[in-house]
Amino acid sequence: MITVEEALDKVLSHIKLLGPEKVSILEALGRVIAEDIDANRDIPPLDNSGMDGYAVRSEDIRNADPNHPVRLKVIEDLPAGFISTRTVGKGEAIRIMTGAPTPTGADTVIPVENTTKEGDFAAILKTGSPGENVRRAGEDAKMGERVISSGDLIRPAEVGMLASVRRSFVSVYQRPMVAVLCTGEELVDVDGGLDEGKIVSSNSYALAAQVKDCGASPVQLGIARDRKEEIKEKLLQGLRADVLISSAGVSVGDYDFVKDVLRDLGMEMVFWRVAMKPGSPLAFGMIKEKPVFGLPGNPVSSMVCFEQFVRPSLLKMMGHRQIFRPIIEAILKEEIHKEPGRRHFVRASVVFEEDHYFVTTTGAQGSGILRSMVKANGFVVIPEDRKIVRAGEKVKVQLLNRNF
Ligand code: AMP
Ligand code: MG
């Protein structure tokens, strides 16, 4: 058995970045951009008002205060979206709205709160220095400046910036198609008839959901019974996708045919079995250029293996720089016992209280118990060599929730 680190190194060394595709900027949300974006003009394009108020000449109002207001003649009303043709002369002002380009002659904007209206005149109650409340052309980005770099994640702010530089379509890295096959004589689909001895193939959905959750596209191949021909036929279909995932049938049971069939299909086995719990009977290999993950069948084992190995792989294919879940340190609230030798991923719930993270396990940890996974927002990661971790100890927790 190899360690989690060795396995991860081996997996990631086989994973290649996918090519780019053009998508609309809203579709680019959550994707990684595959081109550099430079501002193609100044943003904003013109000097403009940062306030609703009056555009004036600062020298005219040098001594203004509430006891000595300066009266200026208002020569125009300027909403946003229009350019004034007038010049502000001595003793004059233009009523101006936020975002309207500042007129020539004026060098400052006095907010309306610091003025009173007197017919055609405005009484200015406060001074303003040159440039005050004026937003300069190019203050956000100058023409030619790099605003987004290839490899950046597109978040809502980047979408706004792309619109600002008038890009409606951009190049992003493609999302892999990920084929998911569940194998097992006992499995039926969620709506299928549940004869005695059968169980619902929850993995068909949990794994597809995990694929979707990282931004890739699941292709559900359904269920294959534990028969070589059937597994082979479905896996062959799956090879049309970019990544192939199977669940179950990779242990040492009498009907565990998945590894044999993968070998028949020409898979070069990179490793089988990892020193972890849950999830140790994980197989990974390549069929030509395609990564193939043979995940264990137990619902939590397959999800944990997906988290540790498949998710980082899919994120790498899509160009993400941040491919691992965040890890925090938390104070363990209870004692945990384990056998030494394997790294344990213990389903747990983290809370933040009084400046510290605290973590408790979410119940029974059997590899078929999905309830404790449902309640979990992270995994306590317990090193291979440990036997007992005591309450009050600091432990590492891998966080599962994006918005934690
Ligand atoms: P196996 O890896 O075939 O030995 O399966 C291990 C355990 O996982 C068995 O109890 C199976 O019934 C269960 N299992 C296998 N595949 C699935 C699946 N798709 N959904 C839910 N449980 C499964
Ligand atoms: Mg089985």
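Student: What percentage of the 404 residues in the chain is buried?

Tutor: This is a predicted model, in which local features need pLDDT of at least 70, side-chain atom pairs count only at pLDDT 80 or more, and totals for chains, interfaces and linings use all residues. Residues are numbered from 1 along each chain as its sequence is written. Buried means under 20% relative accessible area, with a 1.4 Å probe and protein chains only, and exposed means over 50%. By that criterion the buried share of the 404 residues is 47%.

Student: Why is the chain described as more spread out than a compact globule?

Tutor: The chain has 7 helices and 28 strands (DSSP runs, H or I of at least four residues and E of at least two). The globule rule (2.2 Å times the number of residues to the power 0.38, with the radius of gyration taken over C-alpha atoms) gives 22 Å for 404 residues. The chain is more spread out because its radius of gyration is well over that, at 31 Å.

Student: Which residues of helix H2 are buried?

Tutor: Helix H2 covers residues 156-164. Its face turned away from the buried side carries the exposed Pro 156 and Ala 157. The buried residues are Glu 158, Val 159, Met 161 and Leu 162.

Student: Which strands do the buried residues of H2 pack against?

Tutor: Contact means heavy atoms within 4.5 Å. The buried residues of H2 pack against strand E2 (37-38), strand E11 (146-148) and strand E12 (169-173).

Student: Which residue with positive phi follows H2?

Tutor: Its phi is near 65°. The residue that follows H2 is Arg 166.

Definitions and conventions: Chains lettered and ligands numbered in written order. Heavy atoms only, no water.
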